[in-house]
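Here is a short set of exercises to work through with the coordinates open in your viewer. Try each task on your own before you read the solution.

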Amino acid sequence: MKFSLGKYLLPTYVTLTFLFLAIPIGYTFVFSFNDSIKSNIIWRGFTLDNWLNVCGQQEVCDAFVNSIIVAVSATLVSTVLGTMIAIALVRYRFKFRNATNLILFLPLATPEVVMGAGLAAQFLDFGWQKGLGTVIIAHTMFTLSFVVVTVKARVATLDPALEEAGRDLYANPVQVFWRITFPLLLPGILAAAMLAFALSFDDFIITQFNSGALDTFPKFVYTAAARGIPAEANVIGSFVFIVAIAIVMAVQIRSSIKQRRLAK
Amino acid sequence: MAFVALGGSAPEAVKQAPRKTGRVAMLLLLPGMAYLALFFLTPFVSLILTSLKQPDPSGVIGRYDFGFEIGNYVYAVSQYLPQILRSFSFALIATVIALAVSYPIAYFIAVKARNKPLLKGMLLTLVVAPFFISMLLRTFAWKQIFSNDSWIVNTLKDFGIFGADSYIIGTNFAVIFGLVYNFIPFMTLPIFSSLDRLDLRLVEAGADLYANPATTFRKITFPLSLPGVISGTLLTFIPISGDYVVASRDFLGGPETAMMGNVVEANFLRIQDYPTASALSVMLMAAIVVLVSAYVRKSGTEDLL
């Protein structure tokens with residue numbers, strides 16, 4: 001058997017790159033346990049205090065709660081609006097199809113700073129006070145296209161024969177939607193909602209332009225960076241990370257069990 | 001679905017019945033599209049109008065009147081040319097490096113791990129894992145790791161690679177490094193999704209016809225992954241060109257690394273020079289539109305989403 005370098009080269013490279021990707025995550029996690037005084041820069045020893053008393057830094061907690069409120073509101077609105085658009089795009093014929101596709105695509109291709117400044121300029125012209133409301137408006141806007149893309153992929157996998165069967169059995173259109181279409185689309189809708197939530201929760205640039213005095217978690221981190229980020233911020237970052245990874249793993253395990261069952 | 005591919009292998013699309021026409025379509029489209037018209041499209045009008053405003057005679061900071069002041073653009077370019085050029089050159093360099101780093105990862109997950117669903121799922125989770133922790137916290141972590149008294153910098157000094165007063169934070173290297181790091185997942189996922197659909201029999205056919213692996217890659221694998229490469233490139237280049245977190249002085253940048261985003265932020269949010277900030281934003285968007293329309297002309301609008 002001939003020894004081939006190529007056989008090991010790629011796996012080694014992939015492993016090293018994944019380790020590299022994980023470095024800042026590990027760093028954030030480790031320093032969430034740092035017995036820091038004010039700025040969380042030098043390692044001073046292990047403590048659980050930051051985890052047990054996250055709201056010791058009131059501002060971190062408030063910013064986190066604001067982020068959750070914004071993400072939940074924006075996700076609800078953009079998921080409903082985006083799902084409707086996705087169904088229309090796959091199922092219906094209408095005029096201005098190209099224009100619709102283009103308008104939906106543009107937010108994905110616009111730098112955040114442009115969307116943020118544009119919306120802020122509009123709020124300024126309208127004389128709207130920036131705050132919680134304007135942030136929710138902004139987040140709904142930039143997550144909408146992501147919802148459409150995600151749900152659209154799911155609608156395209158839906159067999160129209162199933163809905164036809166429903167109609168043949170005298171279900172009215174509303175019944176067909178809620179009993180057949182919606183349950184079949186649900187995995188796609190949930191995936192889209194999770195994506196919208198994650199994008200909204202992590203957004204910084206658009207938020208900074210449209211939040212006024214309101215603090216969200218990323219905005220808190222940005223402002224705090226000048227003097228050092230408190231360990232409590234690392235706690236919240238790590239906590240969100242663990243929850244998100246747990247959800248992703250659960251979804252994956254569930255779908256792999258399902259696949260195995262189908263294979264039998 | 002060419003533009004945003006969020007990993008995983010979706011079930012196959014089925015043949016759809018012929019599309020219906022009807023009022024239902026309008027009812028489904030109207031609320032969402034009206035929302036985008038009001039909060040995505042008209043802000044561009046505001047942005048352009050603001051970029052042409054002139055200072056209010058009262059002289060109050062942050063007060064401007066509607067006008068047609070083309071001079072704002074001249075001022076923005078003459079004042080911030082280095083930052084404008086830096087934005088695009090940083091974005092270009094970081095995109096090229098991210099492509100080189102990401103392609104082998106995408107290839108490994110899509111081709112080498114193709115028949116191992118569990119491994120594939122795990123690797124994809126690892127690719128997107130950085131998304132789940134705030135981008136700002138990750139960038140700040142790199143700042144700490146590369147800071148002046150850090151283990152890395154001290155080691156480099158001990159070995160004599162670095163002079164006594166050398167530093168990493170605030171250099172072009174640090175900013176490009178941070179940008180590449182943040183955008184590797186955005187590059188990897190679309191390439192993965194292209195390679196995932198690659199028919200391996202075509203690669204075998206290349207080998208059967210006596211092409212060596214390099215030729216097979218150049219003539220078969222890479223051209224077939226091109227849609228993913230283009231998507232990944234746009235998904236990386238566009239956000240980087242407007243980014244201002246990595247290049248900020250509080251993160252990996254310094255006084256000499258400011259990009260367009262930093263200038264827009266400073267003008268809009270700190271010194272309230274809205275016209276200059278808007279003029280810069282309009283120019284950035286114009287550049288992106290040129291780039292994207294070249295892409296649209298190649299692939300058509302149906303493939304965008």
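The exercises below concern a predicted model, and each is followed by a worked solution.

**Exercise 1. Describe chain B as a whole: which elements does it have, in what order, and what does its C-alpha trace span?**

Step 1. Start with the secondary structure: chain B has eleven helices and two strands.

Step 2. Now put them in order. Read from the N terminus, the elements run α-β-β-α-α-α-α-α-α-α-α-α-α.

Step 3. For the extent, take the principal axes of the C-alpha trace of chain B, along which it spans about 75 × 75 × 35 Å.

Step 4. Add burial and contacts. Of the 305 residues in chain B, 44% are buried. Among the contacts in chain B with a separation of 6 or more, 69% join residues 24 or more positions apart.

**Exercise 2. Decide how helix α4 (residues 135–145) of chain B sits in the structure, and list its buried residues.**

Step 1. Apply the burial cut-off, which is 20 or more other C-beta atoms within 10 Å.

Step 2. Collect the residues of α4(B) that pass: B:M135, B:L136, B:L137, B:R138, B:T139, B:F140, B:A141, B:W142 and B:K143.

Step 3. Draw the conclusion. Nine of the eleven residues of this helix are buried, so α4(B) is largely enclosed by the rest of the structure.

**Exercise 3. Work out how helix α3 (residues 58–91) of chain A crosses helix α6 (residues 132–155) of chain A.**

Step 1. Fit the axes: those of α3(A) and α6(A) come within 6 Å and cross at roughly 40°.

Step 2. Classify the angle. That value makes α3(A) oblique to α6(A).

Step 3. Sort the contact residues of this helix pair by class: 16 are nonpolar, nine polar and one charged.

Step 4. Finish with the handedness: the crossing of α3(A) and α6(A) is right-handed.

**Exercise 4. Do the analysis for α3(A) and α8(A): at what angle do they pack, and which residues meet?**

Step 1. Here the packing angle is about 140°, and the axes of α3(A) and α8(A) lie 8 Å apart.

Step 2. The class "roughly antiparallel" needs an angle over 145 degrees. The helices α3(A) and α8(A) are therefore oblique to each other.

Step 3. Check the handedness, which is right-handed for the crossing of α3(A) and α8(A).

Step 4. List the partners. On the α3(A) side they are A:S67, A:V70, A:A71, A:A74, A:T75, A:S78, A:T79, A:G82 and A:T83. They meet A:I189, A:A192, A:A193, A:A196, A:F197, A:S200 and A:F201 in α8(A).

Step 5. Classify these residues: the contact of α3(A) with α8(A) has nine nonpolar, seven polar and no charged residues.

Step 6. A general point helps in reading such lists: an α-helix has 3.6 residues a turn, so residues three or four places apart point the same way.

**Exercise 5. Characterise the two domains of chain A and the contact between them.**

Step 1. Take the bounds from the domain assignment: domain 1 is 1–56 + 233–264, and domain 2 is 58–229.

Step 2. Compute the C-alpha centres of domain 1 and domain 2 of chain A, which lie 27 Å apart.

Step 3. Count the contacts: eight residues of domain 1 of chain A touch eleven residues of domain 2 of chain A. The domain 1 side divides into five nonpolar, two polar and one charged.

**Exercise 6. Find how many residues take part in the contact between chains A and B, and which helix of chain A gives the most.**

Step 1. Count both sides: 81 residues of chain A are in contact with 85 residues of chain B.

Step 2. Rank the elements of chain A. Helix α11 (residues 231–263) gives the most, with eleven residues.

Step 3. Class the chain A side: 58 residues are nonpolar, 16 polar and seven charged.

**Exercise 7. Locate A:Y170 and B:Q272, and state the burial class of each.**

Step 1. A:Y170 has phi near 65°, a positive value in a residue other than glycine. A:Y170 sits in the loop between α7 (160–168) and α8 (173–202) of chain A.

Step 2. A:Y170 counts as exposed because it has 7 C-beta neighbours inside 10 Å.

Step 3. B:Q272 is not a glycine either, and its phi is about 55°. Its place is the loop between α10 (260–270) and α11 (274–299) of chain B.

Step 4. With 14 C-beta neighbours inside 10 Å, B:Q272 counts as partly exposed.

Technical notes: Residues are numbered from 1 along each chain as its sequence is written. Chains are lettered from A and ligands numbered from 1 in the order in which they are written. This is a predicted model: local features need pLDDT of at least 70, side-chain atom pairs count only at pLDDT 80 or more; totals for chains, interfaces and linings use all residues. Two residues are in contact if their C-beta atoms, placed from the backbone, lie within 7 Å. Helices (H or I, at least four residues) and strands (E, at least two) are DSSP runs, numbered from the N terminus. Ala, Val, Leu, Ile, Met, Phe, Trp, Tyr, Cys and Pro count as nonpolar, Asp, Glu, Lys and Arg as charged, and the others, Gly among them, as polar. A residue is buried if 20 or more other C-beta atoms lie within 10 Å of its own, exposed if 12 or fewer, and partly exposed in between; C-beta atoms are placed from the backbone. Axes are lines fitted to C-alpha atoms, for helices over the stretch in contact, and angles run from 0 to 180 degrees between N-to-C directions. Angles under 35 degrees count as roughly parallel, over 145 as roughly antiparallel, 65 to 115 as roughly perpendicular and the rest as oblique. A crossing is left-handed if the near helix is turned anticlockwise from the far one by less than a right angle, and right-handed if clockwise. Domain bounds come from an automatic or database domain assignment.
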